[in-house]
Structures are given as structure tokens and as C-alpha cells.
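The following exercises concern helices and strands. Please study the sequence and the structure before attempting each solution.

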Amino acid sequence: MSILYNLMVLVKRTILRSLVLYNHPHLQNSSVLVLFTDHHDIYRTINNTPLGDVKWRSFLVKYTGDIPNEGPIPWMTKSYDVWFHDPHQVVQNMLANPDYAAEVDLRPYRKFATEMDEPQWQDFMSGDWAWNQVDQIAEDPATHGSMFMPIILGSDKTTVSVATGQNDYYPLYVSIGNVWNNVCHAHHGALAVVGFLAMPKTTKQHAKTAIFHRFHRQLFHSLLSFIVQNLKPGMMKPEVVRFGNGYYRHVIYRLGPYIMDYEEQVLLACIVRSWCAKCTSNSKALNDDNLLRSRVHTNMLIKKCDHGMLLDEYGIIAQLVPRADIHEFIAPDLLHQIIKGAFKDHLVAWVEKYLVTIHGQTRANIILDDIDRRIAAAPAFPGLRRFPQGRNFKQWTRDDSKALMKVYLPALEGYVPMDIICAFRALLKFCYLVCCNIITETSLKKIDDAVAHFHQYREIFKDSDVISTISLPRQHSIKHYNTLIHLFGAPNGLCSSITESKHIKAVKEPRRRSSRYKALGQMLVTNQRLDKLTASSPGEHDDTGQHEPPVLSPPEEDENEDFDIIDDPTSVLAHVELTQTPHKHIPINFHLMY
């Protein structure tokens, strides 16, 4: 059933064509059981599956504040539809998934290298934040002995169609911090969409008004609070939860890091744009070292300072400040901060501006064309992507930016000063170090050294009048990676590339399969069916409808062979997708094979 529904791309015609394999007379005469009669039968079977069934619910939100004397602005009279399903049940389904039952940390740990006895950071539970949370749980008699379950949230706007209209969606995702980083969260059920947030829009005339910005922030915080409210009882009192290996444990929940890009950090932390959401550095001097933001410090500033001073000196919007210590929960974002931000949007663009400033537009175009030819001449090699047309393409994807990082630096040789080459080298070194699965104390020293060199050599862009300032939030964020690695482990487990990968399965493909008319409702049905298949496909089920852990039959003994039996679990990390393009000269219809 999973093959018919998932791999057939949910196209009715394709499903009907595939059902010929079950209904053909040659198979029926050979006593083969007919599983489904048509596509309606498949959909009906999936809809009636109780496993993984978390119903979608909706509610309307509307502005209820003061109306201007000249009349309401159009966005004030609109109602915004929000869809969600219970994250509490979604998290329980994740814990009961046997796909990664052997790849879950039940408790925080400290890891040390054997050679140098230096600490290492790998998965989320190896970080200091999880360790500190467990200390607090152990000190409370009501929660003592309970397993710590960090809830990781993430949100990221996505556009699914531009040519046929601006169709934007704002999915909200949930995951758990106990799953190892090497588990592909987006494809193994460790990351699930739990809601589609509202996106208020207005005209250009009112888009930058203070009242609209205030409503946007209040709406975002209110929706998050309402959606996760069913998790609050489990944060105070432990509950019994079934895990994928068949065992039951007492679990206590805590809200953990939030995966988001800088625009959402501004929205969530209630700060002014161009300020840092992690520290109190001034927006005009982000390179200076300052204290980290905290709820206690923010509350003290609100009591002692007026609104103007809060905005100008600390970048705080006092009208709406979250009660949680949200600054600590802001996760590192390799994709938007480093790969797309500091590398693609900054350094690559600055090189082009530098060439224009030094050589003029005509000569700069000739040099850029030669740089593209060098990039296109990169030899074929495993893991190295080729760019036949160079790097001059309009639509950049995540994979484009990552692949360009490997071939861009040698293409600049001879056209830019050595300081620019060193700036690129320092940033690339930093990126490769923080992308490692295991980060040691020695790695952290190399990371700090790369950050210092990058800050030193990037000054050439300012000295050459290419840019007016290097006080940029995305570049400034690399200063906090040392602290974030100590708190949350290796950054690749909290990168927004995880949520962007889920966009394909949860948003883009479901919309592509819809009729495009009121597509969100059809997308929700598709996601619900996929969740049921995820909960139903692995392993077998017992009489109660629960998953039975997979049982491997023991190997047959061979008296002529002498071997050791390995009791460690075997993990298969490969992800295989069948091709969707028909092969030439192979008949599509089953009866043509005879």
C-alpha cells in the first residue's frame, strides 16, 4: 500500500495503471490475491487506518485592537485561517516509531576522545543545555527519574509557485532532540509538520507601519502559544509514553531550540532588524563583544528605560516581549547564516562589486566571464558538482550554494588581492569545521581561529569602498557558534536545511498533486495519509494495533565456518527512491508483456 500511494506520486491514472498488476486475468487465474480494486479503495484503506491518525483542526484569528479614526485598514477586517494538529500526539507517534528506535539517546551524556581525553560534541543530548535541564528535573521530587524529552520547533516560509500567483505557506514543524543527527529527520518521521501559520499581508502603504508590525508579532506569538498548549501538562507532570522498542518510560517535556532564519529570529525575539538576537551588541558595532541577552536582563531594562532608549540602545521592542528566555533557544543556522548569507549573499556579491569598483563595468564583465569559464572547467569527481554555465544563474538553491563553495575559491586566483582569497579561505574553513558530525575541543580552537582571520581579512572590502559597513547580523552570528556548540552539540542537527528538506514532502509535492483550487485542504489530507503510512509501514503490529519491534531470525550455524556474532544493532542510512521516468522500449501496460 505504501508503494502504491507514495512511490506512484498519488496520480490516479498511475495508480490505476499499477493496479493492472493485481487485477490482470493472468494473475487472477494463478490464485493471486487482489489487494485493491481502484484508487478509491486505496484511499479508503489509508483513511481507515487508526495508526498515526492525528486530526487536523482549524480556527480563525482576527484583529481586535483599536480602529483608526479615518476607518479600518483592510488587514484589520480580515480573518486569518490557521490549521494545526496536536503536537503532543505527533511527538508520541515519533517516539513510537521503530525506524530509529536504536538511534535515540535516553539521557544526556559527556563524550571524550580516547587519545587526548578532550571533550567532544556530537548529537543534541551531548550539549550542556540538555545536561542542565536534566539536573533541574532530578532536583524536583515530582519529576525525579523521568526521561528528558526536548521539543524542537521550526518554521520557515516557502513559496511553491510564482508563475501562477504568489502562493506562500508558513509551515510549523516539530521534532525531538533525542534522535541522533545522522538520522535523516525529514525522511524518517523524526520531523513532522504540525501547523500552517497565518501570514497577514497588506498594501505597501501600510506594510511598514508600527501598528501592523505589532499585530504581526502578536499574531506569531499567540499562534505558537496556542498550538503547543497541549504540551504544557507534560512539562509539569511526567507521563508514560511508549517507545519504538516496545518499552514504556516516564517522560517530561521541555521546549528546546527553535530552528529559523534571521527574519524569524527578529520576529520571535522581538528585536529591531539589524540587531543580534543572541547578544546586546549595538547594530552599528556588531563586532564588539557584549553580554548575551537573557530574560532577566531584558525585564530589568524594560523597568529602567523608556521605549525610545530600548529601541536605540538595545534594539528591544518593549510592547511585546516573550516571557520565555527565547534568546537562549535560538539555534545556529548554517544554511541561511553561513552558506546563503555570509558566502553567497555577501562574499560572492562583494567580489563582483570589487571588480566593478577597481576595473570598471566593461573589464569586470570580462573577468567575471573568465571566472565562470574556470568554474565550468572543474573536472568531474565524485561529490563535486559541475557548473557548465558558471555561477551566473538566477535561482539559487541550497545545493547550488554548497556546491559552489567547493569550486569558487580557485577560480578567483589572479583576479583579486590575497586578502580576499584569505577571507574566503577563512570562511570556508569555518564552515567545514562546524559542519562536522563530531566537534572536539581542538576543533573549537580552530573555529575561533578561522573567525578571527575572517574578521581580519574581510576589512579589504570596506577599505576598497565596496561596502559601507561590515556590521551584518548574519556574519556576526559566527561569533556565537562556539557557545551554541557547547549548548546544543554539532550544529548540523539543528540546521534549517532539515526543515527545507521537509518542505518538499510536506508542502511542495502535496500542492503539486492537488487541483490548485483551495489547495491547502487537499495538502492536509495528503500529509495525514503520509503520516498514517509512516506509522503503519515499519514492522508488524500486534492485536492492539501497536507496532511490534522487528525480530531478526538467528543465523543458521555452519559447522565448517568460524565467525563472531555481533550483537550491535545494524543501521541502514541509505535512502533509495525509484525513478519516476518511464524507461524506453519497456511496455507500460501489463498485457503487452505477453
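A residue is called buried when its relative accessible area is under 20%. The structure shown is a predicted model.

**Exercise 1.** Determine whether helix α21 is mostly covered or uncovered.

*Solution.* Apply the cut-off of under 20% to the residues of the helix. Twelve of the 17 residues of α21 are buried, and the helix is thus mostly covered. Among the buried residues are S497, I498, H503 and R511.

**Exercise 2.** Compare the expected span of α21 with the distance between its end C-alpha atoms.

*Solution.* Helix α21 comprises residues 497–513. At 1.5 Å a residue, its 17 residues should span 24 Å. The end C-alpha atoms are 23 Å apart, which agrees with this expectation. The helix nevertheless has a kink of about 40°, centred on H503.

**Exercise 3.** Carry out the comparison for helix α14, and state where this helix is kinked.

*Solution.* Helix α14 covers residues 334–376, 43 residues in total. A straight helix would reach 63 Å at 1.5 Å a residue, but the end C-alpha atoms of α14 are only 26 Å apart. A kink of about 120° in α14 is centred on G360.

**Exercise 4.** Which strands stand at the edges of the open sheet of three strands?

*Solution.* First, write down the strand order, which is β3-β4-β12, with antiparallel pairing. Next, count partners: β3 (111–112) and β12 (439–440) each have a single partner strand, so one side of each is left without a neighbour in the sheet. These two strands therefore stand at the edges. Finally, examine one pairing: β3 and β4 (residues 119–121) are joined by two bridges, and the bridge partner of F112 in β4 is P119.

Key: Residues numbered from 1 in each chain as written. Predicted model: local features only at pLDDT ≥ 70, side-chain atom pairs only at ≥ 80, totals over all residues. Heavy atoms only, no water. Pairing = 2+ DSSP bridges. Helix = DSSP H or I, 4+ residues; strand = E, 2+ residues; numbered from the N terminus. Expected span 1.5 Å × (residues − 1). Bend = angle between axes of the 7 residues up to and from the residue. Buried < 20%, exposed > 50% of the residue type's maximum accessible area, 1.4 Å probe, protein only.
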